[in-house]
Amino acid sequence: LHVVKGGYGEMEPLLRYFPDVDVCKTYKDWFTCSEEGVFPNGTAQFSDAYVLEVSSPTEALVSIVQRGKRGAEQGYCYKDVAMTVVQVVKEGFEHVGSVVGGVGKITSCEVELKESGTYMVFPVSILNLDEDTSFTLTTWSSKKIAVRRQGMKDLHLLTTALHCMFMSHPLRKVDEPFENTKFVRISGERGYWYFATNVTKKTFRVQLDCSKSTGLVSNRGLKTDDAIPPGGSMVLMMLTADGLGHLKLTEKRNCELNDVEPYHTPALPETAHLHVVKGGYGEMEPLLRYFPDVDVCKTYKDWFTCSEEGVFPNGTAQF
């Protein structure tokens with residue numbers, strides 16, 4: 001087609017006849033930088049983090065660009081994604097911007113990086129059940145910034161970033177059922193996230209029932225019952241559109257403070273993290289309670305260790 005130079009509106013005739021056109025964003029005199037990434041297969045999976053090194057204050061657009069549909073296998077669809085952008089400060093993280101429930105090839109977050117220094121981006125895919133999903137994290141900025149991918153080995157970084165997102169997101173709704181407790185809901189384009197935090201000396205029990213909702217699926221089921229230990233915080237439920245009908249959220253909840261042992265019904269997915277404080281083994285207990293397959297490696301100060309492999313043969317009472 002004969003395409004007239006100009007704005008996006010003059011591209012409409014082209015878009016009507018080519019359903020899989022990729023529209024590439026450009027910003028005059030801006031800089032761009034990209035890094036590849038993958039959302040692992042599973043429920044609510046987190047990719048690696050991305051570090052932004054900023055030498056001077058700048059406006060920026062941070063985008064997650066999923067693989068296009070052209071040439072893709074039948075049934076390929078874009079995943080629901082979210083991301084949070086934080087500034088690394090002496091005390092930990094400060095929330096800069098976030099998006100929840102983005103859908104489509106490109107999910108973007110506009111941010112102002114007001115100071116030079118280090119920032120981090122944490123992307124997440126919701127209900128990515130079929131296969132690993134590749135994407136490109138791309139930044140556009142008015143000043144040059146450096147972007148690098150960082151393996152997500154430190155659970156504390158991830159849980160702290162999620163905590164920042166829930167407590168600072170502009171579309172959050174925060175209730176305080178009791179003093180020093182919070183129940184947070186974030187509304188996204190295609191779903192809802194629920195989060196709770198407990199800064200009391202008791203166990204904070206939250207029963208959440210969204211079973212009357214329509215058009216939504218959950219990473220844990222539509223009815224949950226969680227007893228959160230003192231000092232803990234967690235993602236209670238992630239709801240996303242099922243693509244089959246109109247979205248309607250119906251929510252009921254009950255909150256209590258008591259002295260029961262922490263528990264979770266249904267069991268937590270492996271990525272439903274508690275906020276774990278850095279420190280000694282005692283402060284790791286919240287992590288160990290919710291990750292049943294963690295290997296705890298014993299160490300003994302000033303002791304020596306030696307190992308040999310062995311096999312128990314198949315059979316009854318074999319030596």
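**Exercise 1.** Leaving aside its neighbours within four places in sequence, with which residues is T203 in contact? Determine also where T203 lies and whether T203 is buried or exposed.

*Solution.* The model is a predicted one. Step one is to place the residue: T203 belongs to strand β14, which covers residues 203-209. Step two lists the contacts beyond four places in sequence: N198, A227, I228, P230, E256, L257, N258, D259 and V260. Step three concerns one of these residues, V260: a polar atom of the T203 side chain lies 2.7 Å from the backbone oxygen of V260. Step four turns to accessibility. The relative accessible area of T203 is 5%, and buried means under 20%; T203 is therefore buried.

**Exercise 2.** Classify C33 and C109 by accessibility, and state how many disulfides are counted.

*Solution.* C33 has 22% relative accessibility and so counts as partly exposed. C109, at 4%, counts as buried. A disulfide requires two cysteine sulfur atoms within 2.5 Å; by this rule, the count is zero.

**Exercise 3.** Describe the open sheet that contains β11 and β15, and identify which strands stand at its edges.

*Solution.* First, write down the order: five strands run β11-β12-β13-β17-β15, with antiparallel pairing. Next, find the edges: β11 (172-175) and β15 (216-218) each have a single partner strand, so one side of each lacks a neighbour in the sheet. From one strand to the next, the twist averages 20 degrees. Finally, examine one pairing: β15 joins β17 (residues 233-241) in the antiparallel sense over three bridges. V217 has T240 in β17 as its bridge partner.

Conventions:
Residues numbered from 1 in each chain as written. Predicted model: local features only at pLDDT ≥ 70, side-chain atom pairs only at ≥ 80, totals over all residues. Heavy atoms only, no water. Buried < 20%, exposed > 50% of the residue type's maximum accessible area, 1.4 Å probe, protein only. Helix = DSSP H or I, 4+ residues; strand = E, 2+ residues; numbered from the N terminus. Polar contact = N/O pair within 3.5 Å; in protein donor to acceptor, adjacent residues only side chain to side chain. Contact = heavy atoms within 4.5 Å. Pairing = 2+ DSSP bridges. Axes fitted to C-alpha atoms, helices over the stretch in contact; angles between N-to-C directions.
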